[in-house]
Amino acid sequence: MADNLERELPYLRRYARAVTGSSQRGDALVEVAIASLISEQGPAVDRLGFFTKLETAIRDTLPEATDAAGSDPASRSRRALLLTAMEGFPVSETATILGCETDEVGELMVEAENELTRSLQTTVFVMEDEPLVAAHISQIVSELGHEVVGQAVTRDQAIERCRALKPNLLLADVQLADGSSGAEAATIITEELGIPVVFITAYPQKLLMGREGEPVYLIPKPFRPDMVKAVVSQALIQNLRAQ
């Protein structure tokens with residue numbers, strides 16, 4: 001179980017953080033799930049088993065998690081979308097994790113996607129130094145109904161343009177064109193504007209170690225369009241809830 005846990009821990013953190021909208025709350029839920037598994041002293045647990053136990057911790061800890069309505073940030077419909085699009089579980093395993101029928105998973109995903117499309121259209125800034133990647137990201141978020149108001153390839157350029165354009169969401173690479181830090185730029189921008197940030201990086205595991213100050217929303221490179229849509233939408237939903 002220890003070997004399996006070491007491999008799956010970053011992904012458990014990623015999912016729990018996305019569900020709760022908080023690094024601290026997400027990591028705490030993962031700890032609860034792991035402690036429960038250790039106390040049971042059962043057979044070795046695989047990826048499906050870890051996520052199923054984490055889902056139990058989410059339901060037991062978050063009152064809103066039992067609500068199937070797509071409008072709630074921690075609802076089953078949103079979690080169904082994150083499990084399939086972000087974590088890559090097939091529908092059958094997603095049903096096992098959520099404790100529902102396979103047919104219901106499809107209904108939950110449609111419900112979540114419809115809700116997201118209707119309610120979350122906003123302005124987005126893309127901080128990415130690879131032109132093709134930036135264009136791909138812009139296309140994906142535009143298909144969701146968002147408006148890409150600007151792009152930048154360096155830290156200082158991103159800060160200056162975001163101060164002027166005041167977007168409502170930041171999509172940021174960690175390493176930028178001149179060697180500057182996208183993470184530093186994101187910290188400054190989000191503190192000044194109070195907007196959520198989604199990091200897009202080739203090394204997401206390095207930002208999922210359980211350290212203080214780690215990001216909540218992460219998308220790995222190479223990414224799939226459905227993953228970008230799911231994580232971006234969850235970030236916006238959680239930000240609206242916080243406001």
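A residue is called buried here when its relative accessible area is under 20%, exposed when that area is over 50%, and partly exposed in between. Keep that in mind as you click around, starting with the whole chain: of its 243 residues, 53% count as buried. One more thing before we set off: this is a predicted model.

**Stop 1: the whole chain**

Show everything as a cartoon. You should find 10 helices and five strands. The radius of gyration is 18 Å, close to the 18 Å that the globule rule gives for 243 residues, so the chain is as compact as a globular protein of that length. If you line the view up with the principal axes, the C-alpha atoms fill a box of roughly 55 × 35 × 30 Å.

Now switch on a surface. About 11,000 Å² is exposed, and carbon and sulfur atoms supply 51% of that area. Under the surface, how much of the contact comes from residues 24 or more positions apart? Counting contacts with a separation of 6 or more, such residues account for 67%.

**Stop 2: the sheet**

Hide the helices and look at the strands. In what order do the five strands sit? They make an open sheet in the order 2-1-3-4-5, with parallel pairing. Strand 2 (147-152) and strand 5 are at the edges with a single partner strand each, so one side of each has no neighbour in the sheet. Look along the sheet and you can see a twist: neighbouring strands are turned by 20 degrees against each other on average, ignoring direction.

**Stop 3: strand 1**

Select residues 123-127. Five of the five residues in strand 1 are buried, so the rest of the structure largely encloses this strand. Turn on the side chains. In a regular strand, side chains alternate between the two faces of the sheet. Here T123, F125 and M127 point one way, while V124 and V126 point the other way.

Add strand 2 to the selection. Five bridges join strand 1 to strand 2, and the two run parallel. To see who faces whom, pick V124, which stands opposite V148 in strand 2. Then pick M127, which stands opposite A152 in strand 2.

**Stop 4: two helices across the sheet**

Bring the helices back, beginning with residues 155-165. This is helix 8, lying across strand 1, strand 2 and strand 3 (169-173), and running at about 150 degrees to strand 2. Next, select residues 182-193 for helix 9, which lies across strand 1, strand 3 and strand 4. Helix 9 runs at about 175 degrees to strand 4.

Between helix 8 and strand 3 there's a loop, and K166 lies in it. K166 has a phi near 50 degrees, a positive value in a residue other than glycine. Is K166 buried or exposed? Its relative accessibility is 53%, so K166 counts as exposed, given that the cut-off is over 50%.

**Stop 5: strand 5 and the loop after it**

Select residues 217-220, which make up strand 5. Y217 and I219 point one way, L218 and P220 point the other way, and all of them are buried. Add strand 4 (residues 197-201): four bridges join strand 4 to strand 5, and they run parallel. One pair to display is F199 with its bridge partner L218.

Now move to P222, in the loop between strand 5 and helix 10. Zoom in on the peptide bond joining K221 and P222: the bond is cis, with omega about -5 degrees.

**Stop 6: helix 10**

Carry on to residues 225-242. At 1.5 Å a residue, the 18 residues of helix 10 should span 26 Å, and the end C-alpha atoms are 26 Å apart, which agrees. Colour the helix by burial and you'll find a run of buried residues, among them V231, V232, S233, Q234 and A235.

**Stop 7: the two ends of helix 2**

Finish with residues 23-40. S23 is found in this helix, and at 7% relative accessibility S23 counts as buried. Which residues does S23 touch, leaving out those up to four places away in sequence? They are R17, E214, P215 and V216. Put a distance label between the C-alpha atoms of S23 and L208: these residues are 185 residues apart along the chain, yet the label should read 9.2 Å.

I38 also has its place in helix 2. With a relative accessible area of 49%, I38 is partly exposed. For I38 and T154, 116 residues apart along the chain, the C-alpha atoms are separated by 45 Å.

How values were computed:
Residues are numbered from 1 along each chain as its sequence is written. This is a predicted model: local features need pLDDT of at least 70, side-chain atom pairs count only at pLDDT 80 or more; totals for chains, interfaces and linings use all residues. Side-chain values use heavy atoms; hydrogens and water are left out. The expected span of a helix is 1.5 Å times one less than its number of residues. Buried means under 20% relative accessible area, exposed over 50%, partly exposed in between (1.4 Å probe, protein chains only). Two strands pair if DSSP finds at least two bridges between them. Axes are lines fitted to C-alpha atoms, for helices over the stretch in contact, and angles run from 0 to 180 degrees between N-to-C directions. Contact means heavy atoms within 4.5 Å. The radius of gyration is taken over C-alpha atoms; the globule rule is 2.2 Å times the number of residues to the power 0.38. Accessible areas come from the Shrake-Rupley method with a 1.4 Å probe; for residues, only the protein chains shown count as cover.
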